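Hi everyone, thanks for making time today. I'd like to walk you through one model, with the pockets and the ligand as the main topics. Please have a look at it while I talk.

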Amino acid sequence: MTFDVKRVRAAYPALSDGYAYLDGAAGTQVPTAVIEAIADAYRSGIGNVGGTFPASGRAGSIVAACRQALADLTGASPDGVILGPNMTTLTYRLAETLSRRWGPGDEVVVSRLDHDANVRPWVQAAARRGATVRWAEVDTSTTELPPAQYGDLLSERTRLVAVTAASNVVGTRPDVAAIAADAHAVGALVYVDGVHATPHVPVDVGALGADFYATSAYKWSGPHIGTVVGGPALLETLDPDKLAPAPPGVPGRFERGTAAFADLAGVTAAVEHLASLDPDPNSPDNPGIAAGGRRQRVLASMAAVEEYETQLFARLLGGLDAMEHVTSYGRAARRAPTAFFTVTGHSPRQVAEHLAVRRVNVWNGDNYAWELAGALGLRDSGGAVRAGLVHYNDDADVDRLLAAVGELA
Ligand SMILES: Cc1ncc(COP(=O)(O)O)c(C=O)c1O
């Protein structure tokens, strides 16, 4: 099976502007189908939910369809899909809710691999409750998050383990399932940051052992919407702050105010886009995928995406490694296709500026991987350059980046 990147790129109007979009880790472009789904929601007339008239019913249907789409993407139950503006906001909300049960003597475990959005909300909530924070460390020579250390970090006092499914800078994909199994063995909950992993690999929250799994649609071709999925039975035990007349049930009681209904229609279209990437469900090579529904198509497509991105990433890393003036961070055995590097004699900002002039979009800085930037000794020197691949990037994007970085020797 070959991944038809030309066909994929044609779905994204923004990619015709001549830039190499290697900034997907900070947000992807959106395909026409997503733009149309959002526009169609507005065109068709939408009211707020819960009313007696058809436009209100349409909003209700959009919300229900979005929960089902996110369930298909992650393997969760639609009844456990909490919708919100972004991962950070939802994680603060869950931290506020879960930490009500914590007190002095309780412990939470966070990691230095994580984006700060899966660190600071827990650290701050623990401080408010007098609970203790324990840190899982990154082996800076390999950029791995060794799961064995959790044996020492966990105890019957551990209430929560927060860990990422993939680093947003060095790409490391830790063994979340092993960490979660150890956490569950001591009765702790596991909160997984899936924001960087979701665009790159098939996701199965059950296999990961995630009690909560957070992801943001704008990282995988959708609009600026975040979600946290959790088991409905677990959510039933939690009591978030809510307005008196707001829905009392699950997952509605975790959602604040009026939702961005049109954007939610875009999220559903983005999941459908991912499901349609590859392989062709009508192909005789893939019997059963079409019959298995969208969940099966998502899993098959994301497996194809992972294979395609892995190959393209080898080209990118090989090119960077061949340049003596480039230092690459990120050495993990299992990783998302995200490069993090510095260039001798040029600050990360200068490199990003040089690349922008050559129509290559990359990020510079710590990208909110604040603890990791500190551990790698990069926090006070402007971080590093981040070039990340997603499924719409191609050889030409990578070659353009390599040629432009090569000019800085
Ligand atoms: C790994 C990771 N976690 C969390 C976040 C925060 O996500 P959001 O912007 O949806 O709050 C990001 C955003 O860059 C991220 O890359």
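I'll start with the ligand and its pocket, then go to the other pocket, and finish with two backbone details. One thing to keep in mind throughout is that this is a predicted model.

So, where does the ligand sit? It is found in the second largest pocket, which has a volume of about 390 Å³. That pocket has 23 lining residues, and those nearest its centre are H115, N168, Y218, K219 and N367. If you like to think in residue classes, the lining splits into 10 nonpolar, 9 polar and 4 charged residues.

Now let's move in to the ligand itself. Its surroundings consist of N86, M87, T88, H115, A117, N168, D193, V195, H196, S216, Y218 and K219. By class, that shell holds 4 nonpolar, 6 polar and 2 charged residues.

Which atoms of D193, K219 and M87 come up against the ligand? For D193, a polar side-chain atom is 2.5 Å from a ligand nitrogen atom. K219 also uses a polar side-chain atom, placed 2.6 Å from an oxygen atom of the ligand. With M87 the backbone is involved: one of its N or O atoms lies 2.8 Å from a ligand oxygen atom. As for burial, the ligand taken alone exposes 390 Å², and the protein buries 90% of that.

On to the other pocket. The largest pocket in the model has a volume of about 500 Å³. It is lined by 24 residues, and E255, R256, G257, T258 and A259 are the closest to its centre. Which elements give two or more residues to this lining? They are α3, spanning 54-74, β2 at 81-84, and α10 at 261-275. In terms of class, the lining of the largest pocket has 13 nonpolar, 5 polar and 6 charged residues.

Last topic: the backbone, for those of you who like to check torsions. Between V250 and P251 there is a cis peptide bond, with omega at about 5°. P251 belongs to the loop that runs between α9 (232-236) and α10. The other residue I'd point you to is T143, which is not a glycine and yet has a positive phi of about 55°. You'll find T143 in the loop between β4 (132-136) and α6 (150-153).

To recap the main point, the ligand sits in the second largest pocket, with D193, K219 and M87 among the residues around it. Thanks for listening, and I'm happy to take questions!

Notes
Residues are numbered from 1 along each chain as its sequence is written. This is a predicted model: local features need pLDDT of at least 70, side-chain atom pairs count only at pLDDT 80 or more; totals for chains, interfaces and linings use all residues. Side-chain values use heavy atoms; hydrogens and water are left out. On a 1 Å grid over the protein atoms alone, a cavity is a set of points where a 1.4 Å probe fits but cannot get out, and a pocket is an open set with protein on both sides within 12 Å along at least five of seven lines; lining residues have an atom within 4 Å of a point. Grid points are joined across faces, edges and corners, and a volume is the space filled by probe spheres set on the points. Helices (H or I, at least four residues) and strands (E, at least two) are DSSP runs, numbered from the N terminus. Ala, Val, Leu, Ile, Met, Phe, Trp, Tyr, Cys and Pro count as nonpolar, Asp, Glu, Lys and Arg as charged, and the others, Gly among them, as polar. A residue is near a molecule or strand if one of its heavy atoms lies within 4 Å of it. A polar contact is a pair of N or O atoms within 3.5 Å; within protein, one must be able to donate a hydrogen and the other to accept it, and residues adjacent in sequence count only if both atoms are side-chain atoms. Accessible areas come from the Shrake-Rupley method with a 1.4 Å probe; for residues, only the protein chains shown count as cover. A molecule sits in a cavity or pocket if more than half of its atoms lie within 2 Å of its grid points.
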